[in-house]
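This report looks at a predicted model, taking up confidence, one helix and one pocket in turn.

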Amino acid sequence: MPVDRSSHATGTLIVGANGKLAAPVRPGKVNLADTPATLLGKNVGKGVKPITFRGQGGLIYANGQKFAIKGANWFGSEDRNGPMQGLDEHSITFYLAFLRQHGFNAVRLHFNHESVLSNAKMYTRKVPKQYHKFDHAPELEGLTYVEMFAEIASQAAEYGLLVLIACHRTTPSAWPGQGKWYDGKITEARVLQSWTKLAGTLCGHWNVFAADIQNEPWSASWGMGRGSDWNVAASRIGNHVLGKCPRWLIFVEGVGHTPGAAGQQPNAGYWWGGNLVGVHTAPVKLKDQSRLVYSPHTYGPSVYLQD
């Protein structure tokens, strides 16, 4: 599966309740039009107290109210030391305003660990040919990779948009990579260092509310008693992130078909990031289970035919 489909991923969130997998919630049971502004009861922007999110019984609650995330992926920053795509055509605020006008309340931003760890200044206007320029975002000029996410989070806050920060790759070129949360260049210890750096910069932004700790760990196992067990690693990484930013939700995606998860049906079809069968017997264990969100990766037919 060499095609990069995950940049366009969508899916119904399944929330961990006491470490168990809850049944999916049908759209419409909660209000997709909810925005941070309505929950806060005040104008959004700088200096706003963060919303308290928790997962319970298959639902997400924000400040004690049922809350549905209606988000969009903004990709491009995962495969380079630079910002998301599209800034050669329009400004950051153009896209944020579009999301808000169309009823979205969140945006998922992708990163790679190597660029976080080096945290060099991003490509300037002399951008390598294979990358998109960002002429319409002069405010990003001279910022480091991590500072870029902070700037976009600040601008998203002005539009009442939440931000989910997601690890999409270990390095810019690691696609499809080795399919785990680490590789020969980025060890787990460096993964933790990367999350420490991100949390140190982004935890103070009220609208950065969650961390998707690894995009599609397709070659990891789940609940098999192996060193490649993603449920165990997700517990380690998730607890590390919570140690740096206790209020964040921790999004955990599923694994793939091979080696797969304990208890899976041998002939069933499991897509990268969508296999959460192992949760029934080997759940992720966080120091605060109310922060756990199981997030299966799935796609609509406009992105990839999952037949």
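## Confidence of the model

The protein chain has a mean pLDDT of 83, and 79% of its residues reach 70 or more, where pLDDT is the predictor's confidence in each residue, from 0 to 100. Over residues 1–33 the pLDDT stays under 50, and the model has 101 contacts beyond four places in sequence for them, a contact meaning heavy atoms within 4.5 Å. Residues 41–45 also have pLDDT below 50, with 11 contacts beyond near neighbours in sequence.

In this predicted model, local features need pLDDT of at least 70 and side-chain atom pairs count only at pLDDT 80 or more, while totals for chains, interfaces and linings use all residues. Residues are numbered from 1 along each chain as its sequence is written, and side-chain values use heavy atoms, with hydrogens and water left out.

## Helix H5

Helix H5 (residues 188–202; helices are DSSP runs of H or I with at least four residues, strands runs of E with at least two, numbered from the N terminus) reaches 21 Å from its first C-alpha to its last, close to the 21 Å expected for its 15 residues, the expected span being 1.5 Å times one less than the number of residues.

Its buried residues (under 20% relative accessible area, 1.4 Å probe, protein chains only) are Glu188, Val191, Ser194, Trp195, Leu198, Ala199 and Leu202. Seen down the axis of H5, these fall within an arc of 130 degrees, taken from the directions from the axis to the C-beta atoms, so they line one face of the helix. They pack against several elements, among them helix H4 (145–158), strand E8 (162–169) and helix H6 (230–244).

Terms used
Buried means under 20% relative accessible area, exposed over 50%, partly exposed in between (1.4 Å probe, protein chains only).
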